[in-house]
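Visitor: I have a few questions about how the labels on this model are earned. Could you take me through them?

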Amino acid sequence: MLKQRTLKSLTRAVGVGLHSGQKVELTLRPAAPNTGIVFRRVDLPQPVDIPVRPSSVSDTRMASTISPGGDPGAPKVQTIEHLMSACAGLGLDNLYVDITADEVPILDGSSAAFVFLLQSAGIELQNAPKRFLKVKKQVEIREGEGARLMWARLEPYHGFKLTFEIDFGHPAVDATGQQVSFDMGSGRYKQEIARARTFGFTKDVEAMRARGLTLGGSMDNAIVIDDYRVLNSDGLRYDDEFAKHKILDAIGDLYVAGAPLLAAYTSFRGGHALNNKLLRKLLADETAFEYVSFEDEARAPAGFAQLAPAW
Ligand SMILES: [Zn+2]
């Protein structure tokens, strides 16, 4: 049987929120089978649990934000996508995330630090079948036209692979690899994807700060780009780091489904909002998906039976 996974022991991280700039402490704890991933705001007078599921997503403008029942007025946790991406990369099904503020720390802007933390705590197999969300027919979201066209699509596939194409019309970004494909079954999430950092343009920073966004952003946790070039003195970590970060985000955004997808995902210029709409469209059509488990591990997609496919 392909089994569910949680952590062996708890682990902690301290950092700042990218948007809020607030200091925040994160405690990642093991959880029982079938718990899923549950964020718990432990800084409130009464702790509030926010289970990760598509209907919990309450804002996707700059990052993926969740609240109980998706209620924007309820206590929230923002910027969950990089931690969710690391959990997907390591195949973690069940986890409590205790958090002391309303935003996950940005750390170095990638998911590499989360992968390291989770892996250091150790991964435990649980005596319950791992459940996958199998896509049975094509689902697509398409928005805008011409220079504003963007789309994202899910299609049936025995495994999980992603293809992302970016088009920012910016000299420094256009000079890098514009299209990336990644297959989770390769077991190379940590090497190929996890180190890709988030990025921002200096021309947007003033406006975003005026709206109270990116207050914690710096060259320590993002690639910063002016009108012509990357400003970070060390340059890029991958030749196609921008497109790879979009893959990292998509893996995290789609893991909000509450189960790993068996699907091929393709997107042109998509983002958090489009990814969430795609997931909601899939789940709104009962003929488009089914939940499956693998009693016989040999029938699972290649690479999925390893304890920690990211390594
Ligand atoms: Zn991101």
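Visitor: What makes β2 and β3 count as paired strands?
Guide: This is a predicted model, and pairing is read from its bridges. Two strands pair if DSSP finds at least two bridges between them. Here 6 bridges join β2 to β3 (residues 23-30), so they pair. The two run antiparallel. Within them, R12 stands opposite T27 in β3.

Visitor: Why is β2 called an edge strand?
Guide: The open sheet has 5 strands, in the order β2-β3-β8-β4-β5. Its pairing is mixed. Strand β2 (11-16) pairs on one side only, and β5 (48-51) does too. From one strand to the next, the twist averages 20°.

Visitor: Which helices lie across strands β3 and β8?
Guide: Helix α1 (residues 81-89) lies across β3, β4 and β8, at about 145° to β4. Helix α2 (residues 112-121) lies across β2, β3 and β8, at about 160° to β2.

Visitor: Why is the zinc site called irregular?
Guide: The protein donors are H82 (NE2), H245 (NE2) and two OD atoms of D249, 2.1 to 2.7 Å from the zinc ion. The angles among the 4 donor atoms run from 53 to 149°. Tetrahedral needs all angles between 85 and 135 degrees. Square planar needs opposite donors over 155 degrees apart. The site's angles fit neither, so the site is irregular.

Visitor: How do you know that H245 and D249 are buried?
Guide: Buried means under 20% relative accessible area. H245 has 1%, so H245 is buried. D249 has 8%, so D249 is buried as well.

Visitor: What separates H245 and D249 along helix α6?
Guide: They are 4 residues apart in α6 (residues 241-255), which means about one helical turn.

Notes
Residues are numbered from 1 along each chain as its sequence is written. This is a predicted model: local features need pLDDT of at least 70, side-chain atom pairs count only at pLDDT 80 or more; totals for chains, interfaces and linings use all residues. Side-chain values use heavy atoms; hydrogens and water are left out. Donors are N, O and S atoms within 2.8 Å of the metal (3.2 Å for Na, K and Ca); water is not among the atoms, so sites may look incomplete. Four donors count as tetrahedral if all angles lie between 85 and 135 degrees; four count as square planar and six as octahedral if opposite donors are over 155 degrees apart and all others between 65 and 115; anything else is irregular. Buried means under 20% relative accessible area, exposed over 50%, partly exposed in between (1.4 Å probe, protein chains only). Axes are lines fitted to C-alpha atoms, for helices over the stretch in contact, and angles run from 0 to 180 degrees between N-to-C directions. Contact means heavy atoms within 4.5 Å.
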